[in-house]
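The following exercises concern the interior of a predicted model. Each task is followed by a solution in steps.

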Amino acid sequence: MSVLPALRVPEELSARVPAEQRGSGRDDVRLLVSRGTSVTHHAFRELPEQLRAGDVLVVNTSATLPAAVSGRLGPDPGGEPVVVHFSTRGDDGRWAVELRTPRRDSGAGTTLPRAGGPAGAVVRLPGGEHLVLDEPLGPGGSRLWWAHVSYADVPALLGRYGRPIRYGYTDRDQPLSAYQTVFARPSPDGAGSAEMPSAGRPFTARLVAELKSRGVRFAPITLHTGVASAEAHEPPYPERFEVPRSTALLVNAAADGGRVIAVGTTAVRALESAAGPDGVVRAASGWTDLVITPRRGVRVVDGLLTGLHEPEASHLLMLAAIAGQEALARGYEEALGGLYLWHEFGDVHLLLPAETVHGSHC
């Protein structure tokens, strides 16, 4: 069920290219600020004025992988062309993958959904490698399947033959660098995100330095995102995460006056997965299957910086849990009226609680 059933986002509000190709830089996007139901409009470069000393920004350091690889279905050279989206590596070495149909009118990148499976299907990959579909990721699921890949070092395979996952609302293929945030750090085992943790994209090194100079602190977490369900908007499934001890200490210390503001829904999911019922965050790593809804609520996060989500997106349940349904609806009404841009290259939304109002905002 949609959290915002009346919301309709026109196609022309899709951000089709990265901000630096539309304007002067990555931070040349707009910032919608919701403090409860009060909404103000800003440039993203004005973020330091919206925060205060002692606030903690929790950021995802997962690097984006070139997770889309072209292949052919079946053992014969003339098999059906497919694009494999590599999503998540399992503990047993298998990979969760999504098979898509390439669009012939879009260059290399965009795809259409197709039915998953069947079990035992072989997909030939570049370099003489292949994968074999094993079983659906979850009961009753059909989009994502566990697969055995003939080449053990899949991140290396992606590095040679892969490209970033691209959706149909974008104008053209982009280099992998366009999908990396300033916070991204390579993982020792080559793991990463199938799709960019995009809320961190507008940050630049200069803006991070300015925020630090004003007393805003940064706390890293890692959550490797899987492949989103671009059409079906399924709930999130289990993902790998890590919350280091240093971040747990910093977040817990913020309870003395600073606010904990997650940069992206991935940061919320990781941090809340590491929080106990007492609201104390402890170092944690592994898999999280946490789905945050208004009923579950949040234990640690006070605010969220995130992109604008489609009305069917399951992420909106998390936003409603943090900000409340009324504040969320008000913010999205303002975003539509102000012609804000949606999706990973678009504008961003800062959700803060109403009681944090300070100073004058006009």
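**Exercise 1.** Determine how the residues lining the second largest cavity divide by class, and which of them lie closest to its centre.

*Solution.* Step 1: the lining divides into 6 nonpolar, 4 polar and 4 charged residues. Step 2: the space enclosed by the second largest cavity is about 70 Å³. Step 3: 14 residues line the second largest cavity, and Ser198, Pro202, Glu344, Phe345 and Gly346 are the closest to its centre.

**Exercise 2.** State how many cavities of 30 Å³ or more the structure holds, then describe the largest cavity by its volume and its lining.

*Solution.* Step 1: there are 3 cavities of 30 Å³ or more. Step 2: the largest cavity contains about 120 Å³ of space. Step 3: its lining consists of Leu65, Ser87, Thr88, Arg89, Trp95, Pro155, Ala191, Gly192, Ser193, Ala194, His224 and Arg240. Step 4: strand β5 (residues 81-89) supplies the largest share of this lining, 3 residues. Step 5: by class, the lining of the largest cavity comprises 5 nonpolar, 5 polar and 2 charged residues.

**Exercise 3.** Characterise the second largest pocket: which residues lie nearest its centre, and which element gives the most to its lining?

*Solution.* Step 1: the second largest pocket holds about 270 Å³ of space. Step 2: among its 16 lining residues, Ser187, Asp189, Thr222, His224 and Glu242 lie nearest the centre. Step 3: two or more lining residues come from each of β11, β12 and β14 (284-288). Step 4: β12 gives the most, with 3 residues. Step 5: the lining of this pocket has 4 nonpolar, 7 polar and 5 charged residues. Step 6: His224 also appears in the lining of the largest cavity.

**Exercise 4.** Identify the residues that touch the most other members of the largest nonpolar core, and trace the contacts of Leu271.

*Solution.* Step 1: this core has 44 residues, of which Val58, Leu271, Val281 and Tyr332 touch the most other members. Step 2: two or more core residues come from each of β3 (56-60), β11 (217-224), β12 (239-243), α5 (245-253), β13 (260-263), α6 (265-273), α7 (315-323) and α8 (325-337). Step 3: α7 provides the largest share, 6 residues. Step 4: with residues up to four places away in sequence not counted, Leu271 touches Val58, Val243, Thr247, Val251, Val260, Val281, Val300 and Val301. Step 5: apart from the largest core lies another core of 30 residues, including Ala68, Leu131, Leu157 and Tyr237.

Methods:
Residues are numbered from 1 along each chain as its sequence is written. This is a predicted model: local features need pLDDT of at least 70, side-chain atom pairs count only at pLDDT 80 or more; totals for chains, interfaces and linings use all residues. Side-chain values use heavy atoms; hydrogens and water are left out. A nonpolar core is a set of buried Ala, Val, Leu, Ile, Met, Phe, Trp, Tyr and Cys residues joined through side-chain atoms within 4.5 Å. Buried means under 20% relative accessible area, exposed over 50%, partly exposed in between (1.4 Å probe, protein chains only). Helices (H or I, at least four residues) and strands (E, at least two) are DSSP runs, numbered from the N terminus. Contact means heavy atoms within 4.5 Å. On a 1 Å grid over the protein atoms alone, a cavity is a set of points where a 1.4 Å probe fits but cannot get out, and a pocket is an open set with protein on both sides within 12 Å along at least five of seven lines; lining residues have an atom within 4 Å of a point. Grid points are joined across faces, edges and corners, and a volume is the space filled by probe spheres set on the points. Ala, Val, Leu, Ile, Met, Phe, Trp, Tyr, Cys and Pro count as nonpolar, Asp, Glu, Lys and Arg as charged, and the others, Gly among them, as polar.
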